[in-house]
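Please look over the model below, and then read the short report that follows it, which moves from one interface to one chain and then to one helix.

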Amino acid sequence: MSSAHRYLPQSEDERAAMLAAIGAARIEDLFASIPERLRLRRPLDVPGPLAEMDLVAWMADCASANRLPDPGAQFLGAGAYRHFAPALVDHLISRTEFYSSYTPYQPEISQGTLQAVFEYQTLIGQLTGLPVANASMYEGASTLAEAVLMAERVAPRGRVVVSDAVHPEYLQVVRTYVANMGIAVDTFGARPDGSADPLAARRALETRASALVIQHPNFLGCLEDVEGMAAAARQAGAVLMVVVTEPVSLGLLKAPGSQGAGIVLGEGQGLGVPLSYGGPFLGFLAAGDGYMRQMPGRLVGEARDVDGRRGYVLTLATREQHIRRAKATSNICTNEGLCALTAAIFMAALGKRGLMDLARQNHARAAYARERIAAAKACTLPHAAPFFNEFVVRLPIPAEQAVEALAAKGIAAGVPLARYLPERDRDLLVTVTEMNPRPAIDRLAAELGRLA
Amino acid sequence: METRNLRAPERLLFEISRPGRRGFEPPAMDIPEPGRYDLDPRHVRDDIEGFPELSEVDVVRHYTRLSRLNYAIDLGLYPLGSCTMKYNPKVNEKVARLAGFADAHPQLPEAMAQGCLRIMHLLEKALCAICGMDRFTLQPAAGAQGEQTAILMARAYHRDHGRARDVVLIPDSAHGTNPASAHVAGYKVEQIASNDRGCVDLGALRRRVSGDVAVLMLTNPNTLGVFEGEIEEVARALHDKGALLYMDGANLNAFVGQARPGDMGVDVHHLNLHKTFSTPHGGGGPGAGPVGVRKALEPYLPAPMVEADGDRLRLDHDRPKSIGRMRSFSGNFGMFVRAYAFMLAHGPDGLKRMSETAVLNANYIRRRLEGTYHLPYTSPTLHEVVFSDKALEPTGVRTLDVAKRLMDYGFHPPTIYFPLIVKGALMIEPTESESREELDAFCDAMLAIDAEARRDPEMVRTAPHTTPIRRLDETAAARNPVLRWTPETQG
Amino acid sequence: MSKGDGIYPEDLRYTKEHEWLEVRDNVATVGITQYAQAELGDIVYVELPQAGAAIVAGEPFGTVESVKAVSELFAPASGTVAEVNAALAQGPERVNKDPYGEGWMIRITMADASEADTLMTAAQYRRYVEDEAN
């Protein structure tokens, strides 16, 4: 047999001694319960082993096969947002007590995680303006699907009405999730200014639905008339559900919970979680008190110990799969704990002033970029609605072509809308954050202006 | 007295907050006259009520102190059955943070993301080789989402073959996510009995399988740590009636390199990168739950899949029979890097040795404890062993108390009260990461607690005594849930 | 109270799922027995139907939760919910402290009052519980 491996703490002698203690002749014998016919008698067809130095070299080589433009020259969004996370965030989540610990089922030795999650739940509640937030879900799209299921549990109508300006991937995931649950998903359209149409929402709600779902800012970057939509939902006896894919926007925009939303959910990645090619990300979900017992995912609550000390514990666990099994509010078990911690630390470090300043700066940079691009005359701006840090630009040539041309110059100019909406082949979704310095924005505007 | 900064309870962020403190400045504003762009005030919030105001020092100290209230795998053993709490290699954290990976935006044109696609492609290949399956989707964010994906694919498969089946069979020993996942996929769940060895009752299965059964969800090894020796017969019984065999691969650590699900007649199965392949548990995630399929189910895999065109890799969205999407983007990529690094570090021999050591360690614990703790099933143990508190009945000490007392000995408790088929279950899985000394220390502690239970049961029933906080009143917490800080919160 | 010292009020009827029934005119009051509350431990939440809901004998009509477990409540008789014990929302511990009194759960207007006669008497239920305990 092969010699000891660096992650396996036993020498050959130790193994032999343990086998003797068990009364087994060989390691082989311990697998006697696996039928002989099923036993693999050849090595696995996988590469390795690599010593650590060789592993690092292999990985570095692989990572460098990614040709990433300079971060300042990337104008990509559409569901994932590049923000600067202070060094303390990665430093703190790299503490082994946080990242290598288990789900906090034993609260006496998990107060670090439990208190941090309690704080996270509070912060999300403050940002969204709703009191009950869970400990995290996988990412924004599946969280929307879970929120739809939750709305239907509370008010079973067999139907939800969704703005077609919600991120197309989110809508796809909702359809996959509700496919066999007897819930119809009907969409309604946007106005020419790029925002969802409250009148179209009212018409769609003439048939009973449990929820009206909008995204704010929406997939096209436009702000929605949240209060108008809340009124439409209220009149129809449906809950207004607001999806947020860019959580930094909540540092500038009114809390949807204060504008009549009954459920606010979305993608928390923008709060300091690395882009990491799309995952792990962070689904957040907040709702009014009435949803507490129907909330999927874990919840941390305050408790007292036998000596009267304040502490924290996973609570209302009877909603969950390990107790209610087939009748659970969700099948979710492992969620995105470390990403929730990342976001909490980011929020704590930025604080009230920092997050509001960051959000304002994002909007100012995006507005400047939009103005500069329009001024270059080759492009137009199809949507007049207000925006946060994303907006659509209409190009004189197909957007895919433009993106390729600019990529060759080291610029990731934006996301061609045709990737999701095939008929909009000249439209480009441009996202600007605090990570895009003015010279890079000016260069983008100049390059887009040169297209013809 | 509890020593401030070293051992005292930690206040909440909101209690440390002081008006006017800040911990962050955004970068210099190089846009001229930014005030010109201010949004109409009707969209704009004038405050984030209650949001903390802290200096960077406040934040760093707060979370550093909080972290010290946690147990972690780098401190010692977590004998949690079915969780596979193994060592998280540090180099994996390093390579996942390489800028080329960590900074890669998921909307990058594919030509710019070939390195990421290569990781996904190679991980899929390796998983296929390890598991004997034909394709793997990496999309599911966790095991439960993987189970759900698998059941949705089974449904699509049956529908495509003109069969409307509405029942999923699940053994009574299964993890709660199994019935929950089947339910959210729109199926009726029916329990199938276990035999006296703790395995699926083949006779009962043969009698039950008929035209309304879509899938049997089987955990192998099962939640007692016992290999389902009749799995091929189980597969045959299902296939004969056109039903599918799904394997819950949470316990894959027991037989990597020794056997492969694809050879057992399994049609579809999930596994957990945060179990078998060492990605860190993070205090509750992130994880990843890839799902492997045999060819028959390949058309139904979620889109996109990574495909190779010569030496170019691309994301293939053109999958007309796919069940659709389970989540945005392609999956928990950061965990793929870590898991693949783990595989590369081990190689084929290392992976085989990994499962051998896991099984050796579990059997060692069984041998040391079986004379003292009640062993409800005597079938051969693979990577985890289940005891119960039956032998402690005369003392009034229960499984919960043993678990709490273990913390005073410096160990995280095993999984308790699961599987449900064992009353007072103590499910112990050491994994391959534990040395003999750590195993002995754990067994010594368990034996000592048994002795304590007989000598001084009250002390055990009021444990833990030495942890930062003692037993919490979970009843009061559930009766009057307080799920966030408000200004009225008491210290 | 522990499981051993049983309390089995004579004027009530009992089900195999450990519910009790008290009939006055055509209205039945329903709750869970002292044995059931002892088995469940500290009750944290009781989920009950709305007034006006239809109740079918043998079918679940709600749930009772402790910290770590959920149990369904099974209807001892058929009818319509006339009244729900609102005090349980804030004070579920009433079910533990006084399962036959303040811990009552719902009142049903019975479809067929004679259904009560098919249930166990106190003596029969006591025997049933003692058999289960062994």
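## Polar contacts and salt bridges between chains A and C

In this predicted model, three residue pairs, both members at pLDDT 80 or more, are in polar contact between chain A and chain C. On the side of chain A that touches chain C, the residues divide into three charged, one polar and one nonpolar.

Two salt bridges are found across the interface of chain A and chain C. A salt bridge joins the side chains of R324(A) and E65(C), where the distance from N to O is 2.6 Å.

## How much surface the two chains bury

The interface can also be described by the residues that take part and by the area that they cover. Five residues of chain A are in contact with ten residues of chain C, and between them the two chains bury about 620 Å², with 47% of this area on carbon and sulfur atoms. Within chain A, the residues that lose the most area to chain C are R293(A), T318(A) and R324(A), which together account for 66% of what that side buries. R324(A) therefore deserves a second look when you turn the model, as one of the residues that lose the most area to chain C and as a partner of E65(C) in a salt bridge, where a nitrogen of Arg must lie within 4 Å of a carboxyl oxygen of Glu.

## Chain A as a whole

Which secondary structure elements does chain A contain? The secondary structure of chain A comes to 13 helices and twelve strands, and its C-alpha trace spans about 80 × 50 × 50 Å along the principal axes.

Of the 452 residues in chain A, 69% are buried, while the accessible surface of this chain comes to about 13800 Å², with 54% of that surface belonging to carbon and sulfur atoms. Among the contacts in chain A with a separation of 6 or more, 71% are between residues that lie 24 or more positions apart in the chain.

## A mostly covered helix in chain B

Is helix α11 of chain B, which runs over residues 399-408, mostly covered or mostly open? Helix α11(B) is mostly covered, since nine of its ten residues are buried, that is, under 20% relative accessible area. Among these buried residues are T399(B), V402(B), A403(B), L406(B) and M407(B), and also residues such as D401(B), K404(B) and R405(B).

The cover over the buried residues of α11(B) includes the strands β11 (415-416) and β12 (426-428) and the helices α12 (436-455) and α13 (457-461), which belong to chain B. After α11(B) comes G410(B), whose phi is positive, near 90°.

Technical notes
Residues numbered from 1 in each chain as written. Chains lettered and ligands numbered in written order. Predicted model: local features only at pLDDT ≥ 70, side-chain atom pairs only at ≥ 80, totals over all residues. Heavy atoms only, no water. Contact = heavy atoms within 4.5 Å. Buried area = accessible area lost by both parts, 1.4 Å probe. Polar contact = N/O pair within 3.5 Å; in protein donor to acceptor, adjacent residues only side chain to side chain. Nonpolar A, V, L, I, M, F, W, Y, C, P; charged D, E, K, R; others polar. Helix = DSSP H or I, 4+ residues; strand = E, 2+ residues; numbered from the N terminus. Buried < 20%, exposed > 50% of the residue type's maximum accessible area, 1.4 Å probe, protein only. Areas by Shrake-Rupley, 256 points an atom, 1.4 Å probe, with all protein chains shown as cover.
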